[in-house]
2 protein chains.
Amino acid sequence: MQPITVVTICLCLAMSIEAQRPKPCVSPPLLEGGVSVMESSTFKVTISLFSYDGLLKRFRLLANATGATQDTLLLFRERVQYRIFYQNQTCVRSALDTPFRPLEVPPDAQFLNQLVFGGSSRPGEGVLVNQWMGKVPETQGTYFSHFTQFGCLPISEVYYTPKSNWLITYFDIVSGIRDPNVFIPPPFCEEKGSRPEVL
Amino acid sequence: MQPITVVTICLCLAMSIEAQRPKPCVSPPLLEGGVSVMESSTFKVTISLFSYDGLLKRFRLLANATGATQDTLLLFRERVQYRIFYQNQTCVRSALDTPFRPLEVPPDAQFLNQLVFGGSSRPGEGVLVNQWMGKVPETQGTYFSHFTQFGCLPISEVYYTPKSNWLITYFDIVSGIRDPNVFIPPPFCEEKGSRPEVL
């Protein structure tokens with residue numbers, strides 16, 4: 001066999017292997033769904049509904065914690081957050097210093113593994129996901145995350161920081177925002193009912 | 001409207017609601033796949049390959065713990081377990097007192113919720129699962145488990161006991177056993193190489 005043929009075959013094989021290896025990806029920019037956050041030491045779970053706007057860096061979270069609803073709007077571009085209390089039409093505004101983490105597999109994430117949650121013997125029995133790990137320099141944290149192969153949707157993340165460990169699980173995700181008003185603070189947040197904290 | 005018509009409509013509605021509510025189910029009797037077990041206090045994860053025979057109450061586990069392979073055969077009907085060391089062709093036999101827990105949603109489990117891990121906007125982006133909870137009287141434990149709606153495959157389980165908390169996640173499940181010999185102890189387990197422990 002000619003050396004040029006051998007080199008061409010090797011190159012094709014290498015390209016074929018590389019094509020199979022999943023690439024870091026970005027989730028759709030507008031998503032809604034549910035998220036459950038578990039703190040490791042207590043196994044205490046907080047379940048929230050979320051609306052996510054990756055374009056304008058906004059989150060709305062509706063958590064049901066210990067019977068009371070916690071309604072939070074996070075505007076990362078404006079670096080402000082609102083805790084909204086509809087029952088008495090008031091708001092608490094405060095500074096938002098946490099950096100925005102978009103729903104994505106960061107470009108420097110390390111691919112670990114591809115797996116199926118559930119089964120693959122029959123349709124509908126499982127979902128194909130990729131496992132990634134990486135560091136978050138701002139928090140000195142390490143993450144192990146799972147994103148779907150199709151659609152690049154977040155499934156779960158184990159997040160270790162020097163202070164604590166977290167298990168975050170996403171579910172019931174749909175593409176798009178049913179009501180874009182969820183990212184606009186209600187009128188009473190800008191009026192006399194609003195109590196600014198540290199801004 | 002005639003009273004008999006009203007009663008019939010109400011009955012039909014009730015039956016329709018009941019038909020939508022998921023029922024406890026039993027996983028296929030022969031399964032293979034992967035399982036990851038995380039202990040809550042340390043977040044230490046052990047990943048194993050498993051073969052499961054629900055008919056003859058047998059498990060084979062191949063764990064890769066701290067670099068060394070741990071190969072365990074659990075025969076619950078015979079109440080015996082083998083730890084197998086292929087590298088020096090020896091076995092350690094010991095009594096197995098743990099009760100067999102089949103892969104199933106027990107008949108007395110309480111249905112909590114139906115959800116999609118991942119998304120439902122496009123095919124292949126998620127898997128529909130049911131969430132269950134219940135008690136294990138033998139261990140005074142409480143479980144929260146997820147099984148797929150289609151195929152009744154285990155996805156994950158949070159298991160609280162008075163001693164510790166566990167998060168068990170299943171993946172890459174296929175129906176059937178590729179090699180039925182996995183449940184038969186290798187010849188050297190019955191020979192002089194075998195060291196019985198407490199039997």
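**Exercise 1. Strands 8 to 10 of chain B**

Task: In this predicted model, find how many bridges join strand 8 of chain B to strand 9 of chain B, and in which sense the two strands run. Then follow the chain into strand 10 of chain B.

Solution:
- Step 1. Take strand 9 of chain B, residues 141-148. Eight bridges join strand 8 of chain B to this strand, and the two run antiparallel.
- Step 2. Pick out a facing pair. B:N130 stands opposite B:F147 of strand 9.
- Step 3. Look at the connection. Strands 8 and 9 of chain B form a hairpin with four residues between them. In the turn, B:Q140 has a positive phi of about 55°.
- Step 4. Move on to strand 10 of chain B. Strand 9 pairs with strand 10 over six bridges, in the antiparallel sense.
- Step 5. Here the facing pair is B:H146 and B:S156, the latter in strand 10 of chain B.
- Step 6. Five residues lie between the strands of this hairpin, and B:G151 takes a positive phi near 95°.

**Exercise 2. The side of chain B that touches chain A**

Task: State how many residues of chain B are in contact with chain A. Say which strand of chain B gives the largest share.

Solution:
- Step 1. Count both sides. 28 residues of chain B are in contact with 28 residues of chain A.
- Step 2. List the elements of chain B that give two or more residues: strand 7 (110-118), strand 8 (126-136), strand 10 (154-160) and strand 11 (165-175).
- Step 3. Find the largest share. Strand 11 of chain B supplies it, with six residues.
- Step 4. Sort this side of chain B by residue class. The split is 13 nonpolar, 12 polar and three charged.

**Exercise 3. How the copies are related**

Task: What rotation superposes chain B on chain A?

Solution:
- Step 1. Read the operation. A rotation of 180° does it, with 0.0 Å of shift along its axis and an RMSD of 0.0 Å.
- Step 2. Name the relation. This is that of a two-fold axis.
- Step 3. Compare the contact surfaces. Both copies use the same surface: 100% of the contact residues of chain B recur in chain A.
- Step 4. Check the confidence. The predictor gives the complex an ipTM of 0.79 and a pTM of 0.82.

**Exercise 4. The nonpolar core and A:I155**

Task: Which residues have the most contacts inside the largest nonpolar core? Trace the contacts of A:I155.

Solution:
- Step 1. The largest nonpolar core has 56 residues.
- Step 2. Those with the most contacts inside this core are A:F117, A:F147, A:I155, B:F117, B:F147 and B:I155.
- Step 3. Set aside neighbours of A:I155 within four places in sequence. Within chain A, its contacts are A:F117, A:V129, A:H146, A:F147, A:T148 and A:Y170.
- Step 4. Cross to chain B. There A:I155 is in contact with B:F117 and B:G118.

**Exercise 5. Chain A and the setting of A:I47**

Task: Describe the make-up of chain A. Is A:I47 buried, partly exposed or exposed?

Solution:
- Step 1. Chain A has one helix and 12 strands. Along the sequence, the helix precedes the strands.
- Step 2. Chain A has 199 residues, and 26% of them count as buried.
- Step 3. Take contacts between residues at least 6 apart in sequence. In chain A, 44% of these join residues at least 24 apart.
- Step 4. Chain A averages a pLDDT of 87, and 86% of its residues score at least 70.
- Step 5. Place A:I47: it is in strand 2 (residues 45-53) of chain A.
- Step 6. Count its surroundings. A:I47 has 16 other C-beta atoms within 10 Å. Burial needs 20 or more, and exposure 12 or fewer. A:I47 is therefore partly exposed.
- Step 7. Beyond four places in sequence, A:I47 touches A:G34, A:S36, A:A63 and A:N64.

How values were computed: Residues are numbered from 1 along each chain as its sequence is written. Chains are lettered from A and ligands numbered from 1 in the order in which they are written. This is a predicted model: local features need pLDDT of at least 70, side-chain atom pairs count only at pLDDT 80 or more; totals for chains, interfaces and linings use all residues. Copies are superposed by least squares on the C-alpha atoms of residues with pLDDT of at least 70 in both. Two residues are in contact if their C-beta atoms, placed from the backbone, lie within 7 Å. Ala, Val, Leu, Ile, Met, Phe, Trp, Tyr, Cys and Pro count as nonpolar, Asp, Glu, Lys and Arg as charged, and the others, Gly among them, as polar. pLDDT is the predictor's confidence in each residue, from 0 to 100. A nonpolar core is a set of buried Ala, Val, Leu, Ile, Met, Phe, Trp, Tyr and Cys residues joined through C-beta atoms within 7 Å. Two strands pair if DSSP finds at least two bridges between them.
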